Amino acid sequence: MTPPVATLTASPSIVNDGTAKAVAALTGSDADGTIASYSITTLPLTTEGILYLRWNNASDSKHSP
């Protein structure tokens, strides 16, 4: 069985002006053609930016496993 493979993507540098910015979409491939989910294993320091998931702060403990 072939494991899913994430596609490495990078967004261009973003000016930190306090407004929300879109980043590159998560992409990947799987032998069966279906990507069921993604795991984000690290988050940026809050001084570097905040990752939001559906407009909620992803660093909030309610989103942590």
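**View 1. Contacts and secondary structure across the whole chain of the predicted model.** Among the contacts in the chain with a separation of 6 or more, 18% are made by residues that lie 24 or more positions apart. The secondary structure of this predicted model consists of four strands and zero helices, and from the N terminus on the elements run β-β-β-β. Of the 65 residues in the chain, 2% count as buried, while the accessible surface of the chain comes to about 6,000 Å², with 58% of that area belonging to carbon and sulfur atoms.

**View 2. Confidence along the chain.** The mean pLDDT of the chain is 75, and 82% of its residues reach 70 or more. Confidence is highest in strand 2, at a mean of 86, and lowest in strand 4, which spans residues 56-57 and has a mean of 60. Where pLDDT is low, the predicted coordinates should not be read in detail.

**View 3. The nonpolar surface patch that includes Y38.** On the surface, the residues L26, I35, Y38, I40, L43 and L51 form a nonpolar patch, and together they have about 520 Å² of accessible area. Within this patch, Y38 is found in the loop that runs between strand 2 (28-29) and strand 3 (52-53). Y38 counts as partly exposed because its relative accessibility is 40%, a value that falls between the 20% under which a residue is called buried and the 50% over which a residue is called exposed.

**View 4. T9 and its contacts in the loop between strand 1 and strand 2.** T9 is found in the loop between strand 1 (5-6) and strand 2, and with a relative accessibility of 39% this residue counts as partly exposed. When residues up to four places away in sequence are not counted, T9 touches A24, A25 and T27. The C-alpha atoms of T9 and V23 are separated by 9.7 Å, although these two residues stand 14 residues apart along the chain.

**View 5. A22 and its separation from S11.** A22, like T9, is found in the loop between strand 1 and strand 2. A22 has a relative accessible area of 76% and is therefore exposed, since the cut-off for that class is over 50%. A22 and S11 are eleven residues apart along the chain, and a distance of 8.8 Å separates their C-alpha atoms.

How values were computed: Residues numbered from 1 in each chain as written. Predicted model: local features only at pLDDT ≥ 70, side-chain atom pairs only at ≥ 80, totals over all residues. Heavy atoms only, no water. Helix = DSSP H or I, 4+ residues; strand = E, 2+ residues; numbered from the N terminus. Buried < 20%, exposed > 50% of the residue type's maximum accessible area, 1.4 Å probe, protein only. Contact = heavy atoms within 4.5 Å. Areas by Shrake-Rupley, 256 points an atom, 1.4 Å probe, with all protein chains shown as cover. Patch = residues over 30% accessible without salt bridge, like charges linked within 9 Å, V, L, I, M, F, W, Y side chains within 5 Å. Salt bridge = Lys/Arg side-chain N within 4 Å of Asp/Glu carboxyl O. pLDDT = per-residue confidence, 0-100.
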